[in-house]
2 protein chains.
Amino acid sequence: MGLARYPEPHTSLRDLPSDATRAARAGASGIWAGAPARAVVRALLAALPGAPVAIVLPDGEEVGNGVRPIARVRVADLRTLLGLLGPASDLHFGDAYADGRIEVEGDFLGLLESVFAAPSDGWLARLGSHWRWLLRHGNSIRRARSNVHHHYDLGNDFYALWLDREMVYTCAYFPTPAASLEDAQVAKMEHVARKLRLNAGESVIEAGCGWGALALHLARHHGVRVRAFNVSGEQLAWARERAEREGLADRVEFIDDDYRNVRGTYDAFVSVGMLEHVGREHYGDLARVIDRTLAPHGRGLLHSIGRNRPLEFSPFVQRRIFPGAYPPTLREMVALLEPVDFSVLDVENLRLHYAHTLEHWLARFEAHRDEVARRFSERFVRIWRLYLAGSIAAFRAGSLQLFQVVFARGRSNAVPWTRADLYRP
Amino acid sequence: MGLARYPEPHTSLRDLPSDATRAARAGASGIWAGAPARAVVRALLAALPGAPVAIVLPDGEEVGNGVRPIARVRVADLRTLLGLLGPASDLHFGDAYADGRIEVEGDFLGLLESVFAAPSDGWLARLGSHWRWLLRHGNSIRRARSNVHHHYDLGNDFYALWLDREMVYTCAYFPTPAASLEDAQVAKMEHVARKLRLNAGESVIEAGCGWGALALHLARHHGVRVRAFNVSGEQLAWARERAEREGLADRVEFIDDDYRNVRGTYDAFVSVGMLEHVGREHYGDLARVIDRTLAPHGRGLLHSIGRNRPLEFSPFVQRRIFPGAYPPTLREMVALLEPVDFSVLDVENLRLHYAHTLEHWLARFEAHRDEVARRFSERFVRIWRLYLAGSIAAFRAGSLQLFQVVFARGRSNAVPWTRADLYRP
C-alpha cells in the first residue's frame, strides 16, 4: 500500500545544445554597468533561497546562491537583467530567452522547477500577478475563435512532429510511468470512456474535440454516436478526414461551432482540455449548455488544467501561448455545477501524469527542433521549449493541477455503485 | 460498462405497525373545521405535484392528488394541519409525528422520498429555509461539546441495538449492494485506509473518532500509531475499553479533547463524519489544524455529508437531531483547503451507500423499537424513525450527498500514481 513515488524525470534538458557563445556575443553589444547588475542579481537570487542556480553577468562574472548550481543563467545585458525584477518578469524572461538575450546552461528543467517551487509560489508565477488583468483576452464567441486559432492552427504537421499517433494534445493517463505516450493517450481515452459509463447506442456531445481522437475512440470502442464541437479549422479538417478514412463518419459528426451553440439532448457530455479556454466569466454559459443538453440519466466529465489557489496563467503563457486561458481551482470547477444542481460523483487529480506527458512531448519536440526552426524560426523553437519545459516544472512543483470531474444530475440515481469497474482489466 | 443501477430498497416501511386508531382518537379531541382544512390540504398537495400521497382529515375524509396513493397521512386536528403550511413546516411535521398527531399508513419511506423529490427541492427541505438561521447553534469549543453530547451520549447500549458490531455510525461502503452491514463497515474502513496510503510505522491523527473502530482498524491492519480525538465521553469510554481488551492500547490513544487542540506532526490526517459538526464558521480553524499537523509528505481525508447546493439541515434535524450541524457543498469542502495550499487528489461521492447504510440501521432499529420505547419513550422512537427514514429519503432523492475528499500538500509529490491500488483484491 506504499506510495507510488514520482519517477525520475523521463527526459532531461541537461543535454540540450548550449548557446553560450551567442549570449556572450549579445552581451558584448549591450550597455554594461557592473555594480547595479550585481545588486539586481542578488535581489533575484534572494527570491529563490537555496535554489541551485547561478546567474552569469555579461562580463562573465558568475553570482551564485551558496549552493552548487545545476543551471547557469547567462544574461546578455543590463536591460534584460532589469526586466527580470519588474512586473511580468516571466514575460521578460520568456521574451529574452526567445531572443537569445538569456541563455541557460545545464539543467533547464531543474532551473524552472526551482523557480516554481520557490516560497513565493514562484518568481515566474507571482511577480507579474498584479498586472495580469491587463493581459486578459476575452472569450466572446468571436474572440474565442481567434484565441483558439492563435495556438491550435499552427499547422497539423507541426503538432504531428511531437504529439502521439492519435494527435491527443491533453494530459495522458499512464497506467504505469513506463507506459509509452501512444499507449497512455489510448489509456486516457479509455479512462474517460469508463468514467462516463457509456452504453452502446447512446449519444455523446463533446465540447472542444481537438483532432477528434476521443470522439473516434468512443464511437469505435463503445458504440456511441458523437457530436464533437471545435472552432479550430485545421483540427476539424484533420478530424473529418480521419473519420472518413476509418469509416466512422456516420457515427461521429465534427461541427465547426462554439460550444455555446450546442443543441439537442445527449446521454453524456464530455469536455477534455477546453475549460481552460472558456474563461471564468463564461462558466455560467457552459453550465447552462450542459444543463440544456444532458438527459435526466446522463453523465458528464470535465477535464481541465487547474490550480490549488486562484491565479491567472503567467503573463508569458497568456501572451505567447494561450490568450484568454485561465486554469480554475477545483472550487471554481465544482462551483460551476452548483447553480444547475449537478452532483459531483468523482474527482481525480492527474497532475503528475501531465508532467510526464509533457516530458514525452518535449523530448519529441527537441528531436525535431531543426525542422521546427526551419518552418518557423529559432525564436519559435525557444518559446515552445520554454512553454513545454515551464509546464513540466509547474506540474511537478504543484503550481498546476489536472482535474477530471465526473458529474450527473442531482436527482439521477443512474450513477455507478462504486468505481471498481474503472480498474477492471 | 453499464451503470450499476441503484438496487431496490433493502427494507421498506410498508409493514410498520399502523397507529391509525391512535390518530383517530387524537383527532376526535381536536377543534375541527372542514372547509379551511380542505383548503390547507389542497395547498400542501399542490406543492407535491404527482406525488402518490393522500391526506386524511380528522373527520375521515381522504384528499388525494389524482394519483393512487402509496401512503396516507392522517392528521389529527386543524392546528397540526395549519402548522404544515407555516415556516419550519418540517419541524411541525416532525413534532406532530412524534406526538402521534400525524400518522402515516402505507409506505412511509416512499412518502418522504416524494417530498424530497418535489420540484421545490422538497417541502421539508425548503419551506423552513428562511428562518433556519434562528436555529443555528454555534460550535465554540464548549458548545461543540454540548452539541455532541446531545446526540452521541444517548447511551452506548442504545446505539449497539442497531449499529454494526464495530459501532460505526457513518456511511458504510458496500462493495456490492448485497454485502452485509458488518462487512460494509469494515470495507469502508479499509477503503479509507487505502485512500490514505498508510505505511506501517506511520502516525495518524483522527479528528472525531466515534467509538474508535477506524483508529483500531488502522492500527491493527496497517501497523500505524493513531491519536484519536473526540468530545463524547460515552464513546471514548467504550473505545478505550475496547483498545485495552484487544491489546491495541499501546498503539491507539483516545483523547478527550476538541480537534482544535490537536498538536504534533503526523503522516496522515483523517476525519470521518465530523465535518458536518464543525460548522462553516470554523472551517478555517480546521484547515489550520490540518496545516499545522500534517507532515510535508502527509495525506489527508475528509469524509462528510454534503449538499449539491448550499442549504442548512432541515429545522427538524437541527432542532431534534444534530444541533450545530451543517452539510457543506463540495465547493465549500474544497474551499477549506485552498488558503493552506492543499491539493485535492481524489473525491468520491457515496450518496447511495449512505441511503443503503441507513436502510440497514432503520431495519435494525425497528426490530428493537419496543426496547427503545421502554428505555426512552414512544415519542423518541417516532422521532428517530422519522430521522432515519427521512435521511434515507434525502440521500435517495439527491438532497444529501456523501463526499470523501483526499488531499496532500500542494508541494508534495509523494502522491499515488493512480487509484488502481484502491481496487486490488
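In which sense do strand 1 (residues 53-56) of chain A and strand 3 of chain A pair? The tour returns to this pairing after a view of the whole. The model is predicted: local features need pLDDT of at least 70, side-chain atom pairs count only at pLDDT 80 or more, and totals for chains, interfaces and linings use all residues. Residues are numbered from 1 along each chain as its sequence is written, and chains are lettered from A, with ligands numbered from 1, in the order in which they are written.

**Chain A as a whole**

Select chain A and display it as a cartoon; 18 helices and 11 strands are present. Helices (H or I, at least four residues) and strands (E, at least two) are DSSP runs, numbered from the N terminus. Of the 425 residues in chain A, 54% are buried, that is, 20 or more other C-beta atoms, placed from the backbone, lie within 10 Å of the residue's own. Next, colour residues 13-135 as domain 1 and residues 141-423 as domain 2; these bounds come from an automatic or database domain assignment. The centres of the two domains of chain A, taken over C-alpha atoms, are separated by 33 Å.

**Strand 3 and its neighbours**

Select strand 3 (residues 71-75) of chain A. Four of its five residues are buried, so the strand is largely enclosed by the rest of the structure. To answer the opening question, strand 1 and strand 3 of chain A pair in the parallel sense, over four bridges; two strands pair if DSSP finds at least two bridges between them. Within this pairing, A:I55 stands opposite A:V73. Strand 4 (residues 102-106) of chain A runs antiparallel to strand 3 and is joined to it by five bridges. There, A:A71 has A:G106 as its bridge partner.

Now move to chain B, where four strands form an open sheet of mixed pairing in the order 2-1-3-4. Strand 2 (62-63) and strand 4 (102-106) of chain B are the edge strands, each pairing on one side only. Strand 1 and strand 3 of chain B run parallel and are joined by four bridges, with B:V53 opposite B:A71.

**Where the chains meet**

Display both chains. Chain A superposes on chain B by a rotation of 180° with 0.0 Å of shift along the axis (RMSD 0.0 Å); the fit is by least squares on the C-alpha atoms of residues with pLDDT of at least 70 in both. The two copies are thus related as by a two-fold rotation axis.

Select the interface: 47 residues from chain A and 47 residues from chain B take part, two residues being in contact if their C-beta atoms, placed from the backbone, lie within 7 Å. On the chain A side, helix 15 (330-337) and strand 10 (342-349) are the elements that give two or more residues. Strand 10 of chain A supplies the largest share, eight residues. Across the interface, strand 10 of chain A pairs with strand 10 (residues 342-349) of chain B in the antiparallel sense over three bridges. Zoom in on A:D346, which stands opposite B:E348.

**The nonpolar core**

Finally, select A:V334, A:V405, B:V334 and B:V405, which touch the most other members of the largest nonpolar core, a group of 238 residues. Such a core is a set of buried Ala, Val, Leu, Ile, Met, Phe, Trp, Tyr and Cys residues joined through C-beta atoms within 7 Å. Centre the view on B:V405; among the residues that it touches are B:L301, B:M333 and B:V347, not counting residues up to four places away in sequence.

Note on methods:
Buried ≥ 20, exposed ≤ 12 C-beta atoms within 10 Å, placed from the backbone.
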